[in-house]
Amino acid sequence: MSTKQTTDIFSGNVTIRKSVLYGFALGAVFPLFTGFYFFIIKNITFNLSEIINIHLNNPIIFFIDFFPFLLAGFSYFLILKYQKERKDIYNQLLSKENLIQKYSGYIKKIGSGNYSDVENYYFEDDLGQSLIEMKDNLILKSQTEEKQNWISEGKNIIDDILRKHNEIKPLSYEILVKLIEYTDAVQGIFYVFDDEIQKLKSVSSYAYGREKFLKTEYKIGEGLIGQASYEKSVLYRKNLPDEFITVTSGILGEQKPKALVVLPLLGDEKIQGAVELTFLKNNINNNYLLLFEELSEIIGQTLFNIKANTITKKLLSDSQKLTEELKRNEAELRENATQMEKTQVELKKYNIELAQKISEVEQGQKRLHALLENASEVITIYDQKGIIQYVSPSVKKILGFEPEEMIGVNRFERGDKILKEVFQYLLQNPNEARTFEYQYTNKNNKRLWLETGGRNLTDNPAINGIIFNTRNITERKEAETIKRLSSEMQALSENSPDMIIRIDTDGTIFYANPTTRKFLGIDPKLLIGKTIENVEIEKTIQDFIKSLTAEINSEQKEIQKETIFKIGKSKRIVQFNAIPEFGENNILNTILFVVHDITERKEIEIEIENKNKNITESINYAQRIQSAIIPDFDIVKRYLPESFMFYQPRDVVSGDLPWFYVTEDEIYIAAIDCTGHGVPGTLISFIAYFSLNSILNSKEKKTPAEILDALHIQVRRTLKQDSPDSKARDGMDIALVKINYKINQLEYAGAHRPLFFLRGDNLSRYKGDRMSIGGKSIASRSGKEEAKFTNYKIDIAKKDKIFIFTDGLPDQIGGEEGRKYQASRVRDIIIEKNNFSMKEYYHYFVNDFEKWKKNYKQIDDILFIGIEF
């Protein structure tokens, strides 16, 4: 109630008091006027009884005389009533004033930042509750600003160090010192990635008393340092074993670190180095990890720039040295040019004389060249270093090379090993000659047989070298080879398990090996000189051989066919190989028939074919079962109209499984990547499907993280992985999303699979936990309690988009360089095409995947889900 209202109340009471007094006054005055009227004006005298009768008989007079007394009585009644109300109003005003003073003190303390003084304050009314909520928000904002200021201060400290150093060694050491001081770490090592040896090398360390026992190099993926570098994310490990490392200090004595952080340093999207820090506390402040993630690319990019600057400086230094050397050479060339001008004058005199002699020599050379060009041998002269000084023109006809192509060449560098051995022998034994044969590939890539004779004529001034005379003996060697092979063929044919016969184009038999008796039941000697028609064998076999002979005469090429022979009492499947044999001028002379019994092979092929058919039918049946549990996308679209699903198994059945589940208030959707693909992956996907359904069918509501915890336990129990002697490592990775449209919120949890959240053109990546569903975890093997999955809550608005996917798309090999598609490419496309609808996203990714894959095989199952709210 306001002050004005209070004043009005009190003034009303005063007015009522005055009305009472006026009433009584009028009550006394009105009878005077009545008496004055009767006694003075009317001259009428009354006694008391007459006055009473007058008042009783005349209502007007009665009212005039007694109205003031009635008014005074009524006024008194009002005074009593308003006194009580005034007292109540006064008490209310006091209570309100005290509460306002309490609010005022509360607000002043909040404004001055003394949050601890108002920690126990409590208000029941709406205004008080709003003040408490405002205080809580101010505290949260203060804490957030304090965290951000702490991170910014840390980044500024590191930025100052980065700006004042351009060498890695002092830079790395000072960064270690500042990081350890700022984050309460106790030890640190700084690694730089060496691009030449592809390893992380230690360049600085802090607080390690026994550096010579530290491992100074790591490959990518090796140890915790290599693992963090491979994954390109900050690695945080707690509960370090006692034998990990010891901190020695004059103040602390020997201490065992409890926690370790590895910070990968990224520059130009590549690993540039890593920092390892250890802590005496098991749980470190989350602000430290946020600072480390911020510093990852800042320090990494500086390392990249320093490396680039170092390379640039080296190139500049080399360029300057080369320029100075060129200047010196230019001066020498000028001096030589002056001297050459003088020499040129003298040479002109000699040239005239030489021209005459050269003319005479040329005539002699022409005659010699004509002789050598048509010679059947190649004459080659080598100096003592193996360099060809001369080769006769006949080399063109025999070896295919021009003489100019061979002169000045070290022929031994071509790999002519035997020629080199003879050359060395002749150098060491100048009085002996050697003749040898070897194979040689001429300029036209034709393989030749050569015979070469060599002599050492270094003492002969006209030769002054090692001379070789070479001739082509290819035809002779081929004739010898044919003769030898013919003899060997004869021996093989006689002992072959196949029937071998040779006939001419008219069907006359020239040869039949001993196995012919087994196939035809006739002595091979009785077949020689007879035609097929004259041999007493089954008509079907005669006709078959005759048709093959006619076909060979027509096609002039080898033919292979199968037929059935009756050998003894059994029928056998045989394979006929009809091979044409040509003589001179490529004329068909004879046909060689090689007949092989393939009955057993055919039976095996039929058995394999039947087994393959059974396997294919089983896989197709498994595919039908899996298709039945895969959600119908039309149903998904009913609940999530703006969505897409890019699902492409590598084989008939898939190890990737899209999962969809709807309750009264919530929608669940997941992308599951089971161990393996094909049939093994499908079996694991069945376990995932039925286990998830079983968990969701329970009455207890669970977050996605709790669902994954339960799924992990159920998969391990199903595959009996919880037994000590279990060797099963099968499991699955998963990205699970729960959507609640009533409160406009989604929840997410992941096992090795991320979630991309896009709002406008800003993309947030939720990485999920680095542990799988199922399998043998490190914690379970060591007997420790396994970590729980992390649950994320995200408020959603209209036009927000999310994307989840398995590793099939990022791991696909393709592109111009045969590299992986990469999750970063998925991220960049989502951001670049942020105005796309889900349908446009689907068609873009499908086309981009096919373009990327090109002629490469699909290496894994593909599952990619996108949703717009």
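This passage walks through a predicted model, from its confidence to two sheets and then to the empty spaces inside it.

The structure is a predicted model, with residues numbered from 1 along each chain as its sequence is written, and local features need pLDDT of at least 70, side-chain atom pairs count only at pLDDT 80 or more, while totals for chains, interfaces and linings use all residues. Side-chain values rest on heavy atoms, with hydrogens and water left out.

Confidence comes first. The score used is pLDDT, the predictor's confidence in each residue, from 0 to 100. Its mean over the protein is 82, and 83% of the residues reach 70 or more. Helices (H or I, at least four residues) and strands (E, at least two) are DSSP runs, numbered from the N terminus. Among these elements, confidence bottoms out in strand β5 (residues 247-249), at a mean of 52, and is highest in strand β28 (residues 801-805), at 97. At the start of the chain, residues 1-11 stay under 50, and the model has eight contacts for them beyond four places in sequence; a contact means heavy atoms within 4.5 Å. Where pLDDT is low, the predicted coordinates should not be read in detail.

Next come the sheets, where two strands pair if DSSP finds at least two bridges between them. One open sheet has five strands, in the order β10-β9-β13-β12-β11, and its pairing is antiparallel. The edges belong to β10 (388-391) and β11 (433-441); each has a single partner strand, so one side of each is left without a neighbour in the sheet. On average, neighbouring strands here are turned by 25 degrees against each other, direction ignored. For such angles, axes are lines fitted to C-alpha atoms, for helices over the stretch in contact, and the values run from 0 to 180 degrees between N-to-C directions.

Going through the pairs, strand β9 (residues 377-382) meets strand β13 (residues 465-472) over six antiparallel bridges, and Y382 has I466 in β13 as its bridge partner. β12 and β13 are antiparallel too, joined over eight bridges, with R455 standing opposite I467 in β13. Between β11 and β12 there are nine bridges, again antiparallel, and F436 stands opposite T452 in β12. The hairpin of β11 and β12 has five residues between the strands, and N445 there takes a positive phi near 60 degrees. Helix α10 (residues 417-428) lies across β9, β11, β12 (447-457) and β13, and runs at about 160 degrees to β11.

Another open sheet of five strands follows the order β19-β31-β28-β24-β25, with antiparallel pairing. Here β19 (643-648) and β25 (762-766) are the edge strands, each with a single partner strand, so one side of each is left without a neighbour in the sheet. Its neighbouring strands are turned by 15 degrees against each other on average, direction ignored. Strand β24 (residues 755-759) is joined to β28 by four bridges in the antiparallel sense, and F757 stands opposite I802 in β28. Helix α19 (residues 823-832) packs on this sheet, touching β24, β25, β28 and β31 (862-868), and its direction makes about 20 degrees with that of β24. Helix α20 (residues 838-853) also packs on the sheet, touching β19, β24, β28 and β31, at about 20 degrees to the direction of β19.

That leaves the empty space. On a 1 Å grid over the protein atoms alone, a cavity is a set of points where a 1.4 Å probe fits but cannot get out, and a pocket is an open set with protein on both sides within 12 Å along at least five of seven lines; lining residues have an atom within 4 Å of a point. Grid points are joined across faces, edges and corners, and a volume is the space filled by probe spheres set on the points.

The count comes to two cavities of 30 Å³ or more. The largest holds about 40 Å³ and is lined by I501, I509, L520, L527, I532, V535, I537 and I545. For residue classes, Ala, Val, Leu, Ile, Met, Phe, Trp, Tyr, Cys and Pro count as nonpolar, Asp, Glu, Lys and Arg as charged, and the others, Gly among them, as polar. By class, that lining has eight nonpolar, no polar and no charged residues. The second largest cavity holds about 30 Å³, and its lining residues include G154, K178 and L291.
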